[in-house]
2 protein chains.
Amino acid sequence: MRFQRGSEIYAEGKAADQLYKVVSGTVRTCRLLPDGRRLVAQFALAGELFGLDGVSHHRFFAEAVTDVVLIAFPRGEINDWVDRDSTVAQSWQAYTLEKLAAAQDRFILLGRRTASERVAAFLLDLVKRGQGPDDIVELPMSRYDIADYLGLTAETISRTLTALRKNRIIADQGCHKLRILDRDALEEQADEDIL
Amino acid sequence: MRFQRGSEIYAEGKAADQLYKVVSGTVRTCRLLPDGRRLVAQFALAGELFGLDGVSHHRFFAEAVTDVVLIAFPRGEINDWVDRDSTVAQSWQAYTLEKLAAAQDRFILLGRRTASERVAAFLLDLVKRGQGPDDIVELPMSRYDIADYLGLTAETISRTLTALRKNRIIADQGCHKLRILDRDALEEQADEDIL
DNA sequence: CGACGCGTTGATAGTTTTCAAGGACTGTGG
DNA sequence: CCACAGTCCTTGAAAACTATCAACGCGTCG
């Protein structure tokens with residue numbers, strides 16, 4: 001399946017009968033609050049799964065951040081597979097538990113960390129998950145997307161990145177790509193904001 | 001199993017080989033950051049499960065908020081059970097997915113809501129999960145616990161509750177119990193902060 | 001090339017935190 | 001049963017952080 005940049009992959013409230021794997025590109029899953037505030041629940045990069053946001057119905061909507069190529073797996077098929085093979089069942093269960101653990105980590109990020117800690121942790125997470133070299137971070141999403149993922153505003157993201165640039169911790173390579181110059185400093189900032 | 005108020009039920013990093021059900025009392029699961037900031041991941045009330053905070057090892061520690069009585073289920077036994085009976089497997093899977101959905105909801109609470117929205121939503125959640133009448137909220141935990149659960153400070157919790165009291169939305173019945181006077185107003189405040 | 005959205009920067013305002021102090025509640029020991 | 005100590009709760013004032021509002025430059029895509 002292919003989707004163009006910005007197009008909707010599934011809507012909030014639709015039956016959650018498929019699971020998706022990203023072949024190339026980036027996907028975001030979000031929810032809107034009545035007054036327009038938005039939260040991005042997940043960025044799915046190449047090789048990652050998404051669509052597991054609700055028991056029977058999607059509780060978030062999914063959009064293509066860039067042009068994307070996807071593979072869709074019917075949930076029913078997965079369930080059959082799980083029923084037949086206990087090895088599959090175990091790894092499926094492990095996957096869900098891992099997701100749950102990641103979600104719990106994010107509580108701490110959103111609940112108890114400052115803006116610069118969140119941005120630093122986000123960059124390190126993207127490098128780890130990305131496929132390129134260890135010092136290049138691809139940022140396919142907009143500053144608004146990052147802001148809504150981290151519970152901040154786009155202006156704060158921009159200011160924080162500028163501060164990192166001024167401290168020679170990162171270097172710009174265009175808006176959507178940057179290089180990590182001082183990984184130790186970045187990790188320190190992710191753990192605890194010294195400044 | 002019995003634990004006294006304030007005692008540790010399991011430590012962070014210990015093997016997660018048991019799952020617990022609360023018979024009576026309240027339990028909190030938390031994590032500490034290096035600089036002392038704390039986040040409460042979950043409050044487990046009477047009848048609820050806890051201990052599912054990590055694939056193989058606990059990523060949070062659990063403490064008794066009040067004196068508690070627990071039942072412990074070995075994880076291995078649960079896995080055997082799941083392997084043998086596909087009905088159990090399905091409900092187990094559904095339970096995990098529900099947990100995941102609840103976690104995703106909390107992102108929004110922590111990332112995009114104001115202090116009074118968080119407190120209002122917290123009170124409504126406790127009423128729904130509690131066993132007493134619909135207008136009485138039991139608050140077995142301290143203001144610090146609530147603060148660390150909602151990503152705020154104890155002072156902010158106290159101020160928000162005072163504001164609710166002044167607006168005649170809630171009435172005090174001692175520090176650890178309160179009555180909801182105007183449920184509609186509370187729900188409105190949980191959805192969107194009008195003030 | 002032009003238009004529009006996105007990104008950056010500045011000034012200001014608002015919310016929450018921090019720091020501080022007094023009061024209330026709880027549990028313990030006399 | 002009462003006194004006391006410690007912890008928790010509440011309230012106030014000041015500070016810090018982030019959001020909001022606004023303007024401008026850039027880039028990206030038709």
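**View 1. Where DNA strand D meets the protein, atom by atom.** Of the strand D atoms that lie within 4 Å of the protein, 67% are sugar or phosphate atoms and the rest belong to bases. Keep in mind that this is a predicted model. Around DNA strand D sit 18 residues, and the ones that come nearest are Ala115(A), Thr156(A), Arg159(A), Arg143(B) and Thr162(B). Sorted by class, the surface near strand D has four nonpolar, eight polar and six charged residues.

**View 2. Polar pairs on DNA strand D.** Start with the bases: Arg159(A) puts a polar side-chain atom 2.9 Å from a base oxygen of strand D. Arg159(B) does its bit too, with a polar side-chain atom 2.9 Å from a base nitrogen of DNA strand D. Over on the backbone, an N or O atom in the side chain of Thr162(B) is 2.5 Å from a phosphate oxygen of strand D. Which elements give two or more residues to this surface near DNA strand D? They are α5 of chain A, along with α4 (143-150) and α5 of chain B. The largest share, five residues, comes from α5(B).

**View 3. The surroundings of DNA strand C.** Now for the other strand: 18 residues surround DNA strand C, with Arg143(A), Thr162(A), Ala115(B), Thr156(B) and Arg159(B) the closest. Sugar or phosphate accounts for 62% of the strand C atoms within 4 Å of the protein, and bases make up the rest. How do the residues of the surface near DNA strand C divide by class, and how many are charged? Four are nonpolar, eight are polar and six are charged.

**View 4. Polar pairs on DNA strand C.** Two side chains of chain A go for phosphates here. Thr162(A) has a polar side-chain atom 2.5 Å from a phosphate oxygen of strand C, and Ser158(A) has a side-chain N or O atom 3.1 Å from a phosphate oxygen of that strand. Arg159(B) picks a base instead: an N or O atom in its side chain is 2.9 Å from a base oxygen of DNA strand C. Looking at whole elements, α4 (143-150) and α5 (154-166) of chain A and α5 (154-166) of chain B each supply at least two residues of the surface near strand C. Among these, α5(A) gives the most, with five residues.

**View 5. The two protein chains and how they are related.** Chain B superposes on chain A after a rotation of 180 degrees with 0.0 Å of shift along the axis, at an RMSD of 0.0 Å. That is the relation of a two-fold axis. The copies meet through the same surface, because 100% of the interface residues of chain B are also interface residues in chain A.

**View 6. Chain A and its two annotated domains.** Chain A has six helices and eleven strands. Its C-alpha trace spans about 55 × 35 × 30 Å along the principal axes. What radius of gyration does chain A have, and what would a compact globule with 195 residues have? Chain A has 18 Å, which agrees with the value near 16 Å for such a globule. An unreviewed UniProt entry places "domain: Cyclic nucleotide-binding" at residues 1-51 of chain A. Over that stretch, residues 1-51, the chain is 0% helix and 53% strand, with the end C-alpha atoms 15 Å apart. UniProt, again in an unreviewed entry, puts "domain: HTH crp-type" at residues 113-184 of chain A. Residues 113-184 come out at 53% helix and 14% strand, and their end C-alpha atoms are 19 Å apart.

**View 7. Val88(B) and its neighbours.** Val88(B) sits in helix α2 of chain B, which covers residues 86-112. Leaving aside residues up to four places away in sequence, Val88(B) touches Trp81(B) and Val82(B). Ile78(B), ten residues from Val88(B) in sequence, is 9.2 Å from Val88(B) in space, C-alpha to C-alpha.

Conventions: Residues are numbered from 1 along each chain as its sequence is written. Chains are lettered from A and ligands numbered from 1 in the order in which they are written. This is a predicted model: local features need pLDDT of at least 70, side-chain atom pairs count only at pLDDT 80 or more; totals for chains, interfaces and linings use all residues. Side-chain values use heavy atoms; hydrogens and water are left out. UniProt positions are given in the numbering used here, feature names are shortened, and annotations may be inferred rather than shown by experiment. Helices (H or I, at least four residues) and strands (E, at least two) are DSSP runs, numbered from the N terminus. A residue is near a molecule or strand if one of its heavy atoms lies within 4 Å of it. A polar contact is a pair of N or O atoms within 3.5 Å; within protein, one must be able to donate a hydrogen and the other to accept it, and residues adjacent in sequence count only if both atoms are side-chain atoms. Ala, Val, Leu, Ile, Met, Phe, Trp, Tyr, Cys and Pro count as nonpolar, Asp, Glu, Lys and Arg as charged, and the others, Gly among them, as polar. Copies are superposed by least squares on the C-alpha atoms of residues with pLDDT of at least 70 in both. Contact means heavy atoms within 4.5 Å. The radius of gyration is taken over C-alpha atoms; the globule rule is 2.2 Å times the number of residues to the power 0.38.
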